[in-house]
Amino acid sequence: MNRIVIVGASLAGLRTAESLRANGFTGELVLIGEEPHEPYDRPPLSKTVLSGWIGTDRLLLPRTRELNARWLLGAAATGLDLAAREVRLADGRAVRFDGLVIATGAGARPWPVPREAALRGVHVLRGRDDADRLCADLAEKPRRVLVIGGGFTGSEVASSCHDLGIPVTVTHRGVAPMAGALGSVVGTAIGARQRARGIDLRVSTTVTSLVGEERLTGARLSDGDVLDVDIVVVATGSVRNNGWLAGSGLAADGRGLDCDTASRALDVTGAVVPGVYAVGDVARWRHPHFDAPPQSLEHWGNAVDQAEVAAHNLTHASTDPRHTSALPAFWSDQFGMNIKSVGLPQLADEVVLTQGCFERGPFVAAYGRRGSTVGAVAVNSPRVLDGYAALVTQRAAFPPAINATDSPVARPVPVTVSGGKP
Ligand SMILES: Cc1cc2nc3c(=O)[nH]c(=O)nc-3n(C[C@H](O)[C@H](O)[C@H](O)COP(=O)(O)OP(=O)(O)OC[C@H]3O[C@@H](n4cnc5c(N)ncnc54)[C@H](O)[C@@H]3O)c2cc1C
């Protein structure tokens with residue numbers, strides 16, 4: 001293979017490039033990135049950057065080796081011609097490839113009403129330019145920030161604004177923050193801690209419209225309230241950056257680009273496309289350990305794992321193919337809590353508290369599906385998670401034989417029921 005082109009110059013793209021060189025690839029390496037910035041780390045954007053600890057100029061990802069690559073930054077890919085083996089760029093250029101790695105990640109889902117989304121004071125948070133704009137508005141000492149969406153990003157934004165001393169309201173469509181990933185039992189416990197810190201958390205509540213002429217002045221909520229707010233952060237999830245693949249023949253839509261466990265991209269018939277790989281947030285695949293539909297994982301660790309697998313397979317596929325099988329894992333820092341998860345809690349039908357208590361201090365909860373342990377979440381107890389990861393790997397019986405709770409009764413409950421009340 002003479003030339004490998006990587007589209008998407010962020011975590012997954014950079015790690016693929018480094019891994020290709022580590023695997024002995026000596027041909028031409030081209031990295032194409034829509035943003036003008038060199039690869040940087042995103043997790044701090046909603047945490048230390050927003051809280052004012054570090055600036056976005058301090059986020060560059062450390063380089064592990066000399067890449068000797070051609071960088072095309074500020075250059076968006078707009079099309080892919082698999083027959084000609086070319087990537088088309090917005091400025092009209094075409095870049096030919098022998099091997100291609102697609103690492104275009106995801107973007108923040110925008111507010112659905114364009115006139116309201118364009119109001120000054122309405123933000124999303126995905127990249128460093130978003131963070132710079134939001135930080136500048138937060139420095140103006142707003143009366144209140146409204147965060148729309150109580151998932152991980154929304155909760156972290158709320159926590160950072162709270163650290164800055166700004167009053168915060170969070171609206172969440174579901175019954176508890178982060179319930180989509182962790183279920184409503186654990187979500188309700190974390191939500192109670194957010195409220196105890198002074199957050200105005202409104203669950204089962206949506207925003208019906210954003211108010212203002214040129215600048216945002218308020219928001220109407222489904223509970224009938226009208227809030228006076230200067231800043232809204234829309235944190236309602238993400239969409240995969242797949243638009244540029246339309247018409248290419250690859251199996252791609254807003255939920256991901258299909259690939260197999262070897263990170264090889266699939267076409268619309270489900271066949272492997274030789275020499276084309278998908279890695280990181282953009283990739284949708286079926287994890288071999290779980291009986292679950294294909295999904296994309298927006299986890300830092302998964303981007304690194306898939307990058308290493310794709311780089312290995314681009315250089316050694318015929319002799320020693322590799323597959324991504326690492327257990328999914330992610331973390332979040334918010335409201336003084338380090339939340340770490342392993343496995344796929346979102347697959348569970350039951351959850352049980354195994355260590356600590358939900359009300360205060362550290363705790364651990366395990367998740368089960370049809371009698372097997374499929375995941376665990378630890379709040380302020382990151383080190384114990386290795387043991388739970390082993391239980392998930394072994395498909396150990398659920399509930400696990402760990403009972404170190406501070407509560408008198410810790411029996412499994414349905415994962416979607418909060419404290420016995422729907
Ligand atoms: C605010 C925030 C907080 C996070 N916190 C955590 C956390 O605490 N823990 C955790 O595990 N994960 C966290 N994540 C997720 C983690 O950052 C991602 O999983 C990781 O960045 C994925 O890397 P990636 O390279 O696949 O995609 P991305 O980082 O999204 O990079 C994709 C790159 O491709 C570029 N691109 C897109 N389209 C094109 C195109 N057409 N042409 C050229 N380039 C293009 C984009 O501009 C971008 O630079 C967080 C993410 C965000 C946004």
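## Ligand environment

In this predicted model, a backbone N or O atom of Leu 11 lies 3.4 Å from an oxygen atom of the ligand. Two further backbone approaches involve nitrogen atoms of the ligand: a backbone N or O atom of Glu 34 stands 3.0 Å from a ligand nitrogen, and a backbone N or O atom of Ala 77 lies 2.9 Å from a ligand nitrogen. Taken alone, the ligand exposes 1000 Å², and the protein buries 94% of that area.

The elements that contribute two or more residues to the shell around the ligand are α1 (11-22), β2 (28-33), α6 (300-316) and β23 (329-334). The ligand is surrounded by 32 residues, of which Glu 35, Arg 42, Lys 47, Arg 126 and Asp 281 come nearest. By residue class, the shell comprises 15 nonpolar, 9 polar and 8 charged residues.

## The β4-β5-β6 sheet

Three strands make up an open sheet in the order β4-β5-β6, and their pairing is antiparallel. Strands β4 (77-81) and β6 (94-96) occupy the edges, each pairing on one side only. From one strand to the next, the twist averages 25 degrees.

Strand β5 covers residues 86-89 and pairs with β6 in the antiparallel sense over 3 bridges. Arg 88 has Ala 94, in β6, as its bridge partner. Ala 77, whose backbone N or O atom lies 2.9 Å from a ligand nitrogen, falls within the range of the edge strand β4 (77-81).

## The β18-β19-β22 sheet

A second open sheet has 3 strands in the order β18-β19-β22, here with mixed pairing. Its edges are formed by β18 (252-253) and β22 (283-284); each has a single partner strand, so one side of each is left without a neighbour in the sheet.

Strand β19 (residues 256-258) pairs with β18 in the antiparallel sense, over 2 bridges. Within this part of the sheet, Asp 253 stands opposite Gly 256 in β19.

## Aromatic pairing

A search of the whole structure yields 2 aromatic pairs. In the pair of Phe 152 and Phe 330, the ring centres are 4.8 Å apart and the planes are at 75 degrees; the arrangement is therefore edge-to-face. The cut-off behind this assignment is an angle over 60 degrees between the planes.

Phe 152 belongs to helix α4 (residues 152-163) and Phe 330 to strand β23, so the pair ties together parts that are 178 residues apart in sequence. Strand β23 (329-334) is also one of the elements that give two or more residues to the shell around the ligand.

## Backbone geometry

Most residues other than glycine have a negative phi, and most peptide bonds are trans. Two sites in the model are of interest in this context. Phe 335 has a phi near 50 degrees, a positive value in a residue other than glycine. Phe 335 is located in the loop between β23 and β24 (337-343).

The other site concerns a proline. The peptide bond from Phe 398 to Pro 399 is cis, with omega near 0 degrees. Pro 399 lies in the loop that runs between α7 (385-393) and β28 (404-405).

Terms used
Residues are numbered from 1 along each chain as its sequence is written. This is a predicted model: local features need pLDDT of at least 70, side-chain atom pairs count only at pLDDT 80 or more; totals for chains, interfaces and linings use all residues. Side-chain values use heavy atoms; hydrogens and water are left out. A residue is near a molecule or strand if one of its heavy atoms lies within 4 Å of it. A polar contact is a pair of N or O atoms within 3.5 Å; within protein, one must be able to donate a hydrogen and the other to accept it, and residues adjacent in sequence count only if both atoms are side-chain atoms. Accessible areas come from the Shrake-Rupley method with a 1.4 Å probe; for residues, only the protein chains shown count as cover. Helices (H or I, at least four residues) and strands (E, at least two) are DSSP runs, numbered from the N terminus. Ala, Val, Leu, Ile, Met, Phe, Trp, Tyr, Cys and Pro count as nonpolar, Asp, Glu, Lys and Arg as charged, and the others, Gly among them, as polar. Two strands pair if DSSP finds at least two bridges between them. Axes are lines fitted to C-alpha atoms, for helices over the stretch in contact, and angles run from 0 to 180 degrees between N-to-C directions. Rings of Phe, Tyr and Trp (its six-membered ring) pair if their centres lie within 6.5 Å; planes under 30 degrees apart count as stacked, over 60 as edge-to-face and the rest as tilted.
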